[in-house]
Amino acid sequence: MIYDLQTTDDPRDIVHRSVQALVEGQVIGVPSETVYGLVASSLCPAAVRRLAQWTATCRGWHTHSDASNPASSGADPTDFVAPTADAGSIALCVRSSEAAGDFLMPMTMLARRMSERCFPGPLTLIADCDDSVSAMSCLPETVAETLRAGAGQRSSSTGGPVAFRVSEHRLLSHIHRYLSAPLVWGEIGLPDASPPTTAEKLQAALTAGTGESLPLLLDDGISRYGDEGTVVRVSGNHWHVQRTGVIQQAAMNQFVKPVIALVCTGNTCRSPMAETLLREALRRKFGREDVARVVSAGVAAGHGSGAAPQAVEVMGRRGLDLTGHASQPLEESLMSMADLVLTMTRRHRDAIVAAWPDRAERVSTLRRDGGDVSDPVGMSVEVYEQCADQIVSELEGWLSDLPPDFFPSDGPDGGPDDEPRQPHAGSE
């Protein structure tokens, strides 16, 4: 049965019917922002097994238990391991990045960064999960095994990689509200390898691959992006793109970078100098300054003011250019991305923590002893020089003390920023 979300008078009824079908152990077809896919409740092992069998068959994965009919009801879903090119085609679909954090354990800095910046959205993130600390241990064992096989590795006693996605499609968001556990997502392809971007294409691909039809298929027209999502594998501080989709390599290169914010009051003296000096310190340490995104802001700053003349002069003496600086206030958009916020005084830190208490662990004073960097505003160039010297000393200490996984490392297949996209066969 096909339900058209765009013409229905009451979409709530479609949501309720979908939830009922999932709870009863059905596999249904749903839209997402990328492509149409199959979903099953992660608490229904039989449904997850059926989803895995259909996905494996439609994508041509080799299975061992029944070579003549890999979609047979008796096949063990762990009799396949997704090939590298298809890893992530079976994923755990959770409601939010916070919910993903319950499963993505232990949470590495890189996995957390990508989860916060890319979820919800067109990304599938493959990361290792340790059953001793991850909510994966709460799922049925066969479901966990299927998810790991779909991520490209067989299950082990200590866990293994699992693929995660958080869809921003309205329908899946509504379905998640009524379910007590995540969904398992299966992504099948058409015979010409093009992505199923409509409900009709999904059903056609399933019928061609397995001869099966879906009991419930939800139609919301052509998917928003009209292409597959990007699949990224993370291990520690290493990452690589396993499938380039909606999010291009150049964009991923930016998403994985740590963001360091330097904060003072007006963003015209101390924090602009600290921003410029940190970029130079990164260049000396790593050979390039773009290993991190470095920004500065002020807790009481306006937009567009230039740096103080004394600050410009002091930076110029060090061969650094501060003439193009434009002040900005510290806002939610920056705090939501910042991995590390360094303030010039304790009062700055207190003000930030009061406004963003959930970010307290990421906010510290620049002085590692908790003291203040004195404000040189209105003082002589010599005072600014002393302030800059103090900032340099503290920044060097911070760079030495940052954890080893703070800065990501590209994987073996990470390409340059302008790496061209290989189009799908049959795609427009």
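**Two prolines, one asparagine, one leucine**

Colleague: Between which helices is the loop that holds Pro 106?

Modeller: Pro 106 is in the loop between α3 (97-103) and α4 (109-118). Helices are DSSP runs of H or I with at least four residues, strands are runs of E with at least two, and both are numbered from the N terminus. This is a predicted model, where local features need pLDDT of at least 70, side-chain atom pairs count only at pLDDT 80 or more, and totals for chains, interfaces and linings use all residues. Residues are numbered from 1 along each chain as its sequence is written, and side-chain values use heavy atoms, without hydrogens and water.

Colleague: What is the omega of the bond that joins Met 105 and Pro 106?

Modeller: About -5°, and the bond is cis. Phe 119 to Pro 120 is also a cis bond, with omega near -10°. Pro 120 lies in the loop between α4 and β5 (123-130).

Colleague: Why point these bonds out, and a positive phi too?

Modeller: Because most peptide bonds are trans, and most residues other than glycine have a negative phi. Asn 267 is not a glycine, yet its phi is about 60°.

Colleague: Why is Asn 267 called buried?

Modeller: Buried means under 20% relative accessible area (1.4 Å probe, protein chains only). Asn 267 has 0%, so it counts as buried.

Colleague: What makes Leu 395 buried?

Modeller: Its relative accessibility is 2%, so Leu 395 counts as buried. Leu 395 is in helix α13 (residues 381-401).

Colleague: Which residues does Leu 395 touch?

Modeller: Contact means heavy atoms within 4.5 Å. Not counting residues up to four places away in sequence, the partners of Leu 395 include Leu 262, Ala 274 and Leu 277. Leu 277 is 118 residues from Leu 395 in sequence, but 8.2 Å away in space, C-alpha to C-alpha.

Technical notes. Buried < 20%, exposed > 50% of the residue type's maximum accessible area, 1.4 Å probe, protein only.
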